Amino acid sequence: MVDCDARLIIEVVDDVDALAKAREQREKSNRNIAWLKAHAHEVYSHHRGKCICIAGEKLFVADTPEAAYALGRTMFPEDDGLFVRYIPIKKVARIYVYRG
């Protein structure tokens, strides 16, 4: 068993500017995720085994998540809501479990 000293710190953020910045970042992220959902069939069928980054509602493909991130960040440095994902080589049924 791994002995870890994990701590959780919860802070209340009531700074208007910080909240506005977080809201703007979430909106950018939502736009990038919506773009991926709209183009999922094409993206997933052509880029299996690769890492993708969606930034500025554009697709960037690379062999590693770091490289995909770097491509998206280079082309859209102002997009702090970019989205990175690995596309598995094989399309298989997956079961996700949430224990709450």
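**Exercise 1. Find which residue of strand 2 stands opposite Cys-53, and describe how the two strands are joined.**

Solution. In this predicted model, Cys-53 stands opposite Phe-60, a residue of strand 2. The next step is to look at the strands themselves: strand 1 covers residues 51-55 and strand 2 covers residues 58-62, and the two run antiparallel, joined by five bridges. Finally, follow the chain from one strand to the other: strand 1 and strand 2 form a hairpin with two residues between them, and in the turn Gly-56 has a positive phi of about 60°.

**Exercise 2. Work out the order of the strands in the sheet, and say which strands stand at the edges.**

Solution. Begin with the other pairing of strand 1, which is joined to strand 3 by four bridges, again in an antiparallel arrangement; here Cys-51 stands opposite Tyr-86 of strand 3. The three strands therefore form an open sheet in the order 2-1-3, and strand 2 and strand 3 stand at its edges, because each has a single partner strand and one side left without a neighbour in the sheet. Neighbouring strands of this sheet are turned against each other by 20° on average, with direction ignored. As a last step, add the helices: helix 1 packs on the sheet, touching strand 1, strand 2 and strand 3, and its direction makes about 125° with that of strand 1. Helix 3 also lies across strand 1, strand 2 and strand 3, and runs at about 145° to strand 2.

**Exercise 3. Determine whether Asn-32 is buried or exposed, and list what its side chain and its contacts reach.**

Solution. First locate the residue: Asn-32 is found in helix 1, which spans residues 16-38. Its relative accessible area is 1%, and because buried means under 20%, Asn-32 counts as buried. Next, consider the side chain, of which a polar atom lies 3.4 Å from the backbone nitrogen of Gly-56. Once neighbours within four places in sequence are left aside, the contacts of Asn-32 include Ile-54, Ala-55, Glu-57, Asp-79 and Leu-82.

**Exercise 4. Identify the members of the largest nonpolar core, and state which strand supplies the largest share.**

Solution. The largest nonpolar core has eight residues, namely Cys-51, Cys-53, Ala-55, Phe-60, Ala-62, Ala-68, Phe-76 and Leu-82. Strand 1 and strand 2 each supply at least two of these residues, and the largest share, three residues, comes from strand 1. One member can be followed further: not counting residues up to four places away in sequence, Ala-55 touches Asn-32, Phe-60, Gly-72, Phe-76, Asp-79 and Leu-82. A second, separate core of seven residues includes Val-43, Ile-52, Phe-83 and Ile-87.

**Exercise 5. Describe the aromatic pair formed by Phe-60 and Phe-76, and say where in the chain each ring lies.**

Solution. The structure holds one aromatic pair, and Phe-60 and Phe-76 form it edge-to-face, with 6.2 Å from centre to centre and 65° between the planes. The pair links distant parts of the chain, since Phe-60 is in strand 2 whereas Phe-76 is in the loop between helix 3 (65-75) and strand 3 (83-86), 16 residues apart. To complete the description, check accessibility: Phe-60 is buried, with a relative accessible area of 12%, and Phe-76 is buried as well, at 18%.

Methods
Residues numbered from 1 in each chain as written. Predicted model: local features only at pLDDT ≥ 70, side-chain atom pairs only at ≥ 80, totals over all residues. Heavy atoms only, no water. Buried < 20%, exposed > 50% of the residue type's maximum accessible area, 1.4 Å probe, protein only. Polar contact = N/O pair within 3.5 Å; in protein donor to acceptor, adjacent residues only side chain to side chain. Contact = heavy atoms within 4.5 Å. Pairing = 2+ DSSP bridges. Core = buried A, V, L, I, M, F, W, Y, C linked by side-chain atoms within 4.5 Å. Phe/Tyr/Trp six-rings, centres within 6.5 Å; stacked < 30°, edge-to-face > 60°. Axes fitted to C-alpha atoms, helices over the stretch in contact; angles between N-to-C directions.
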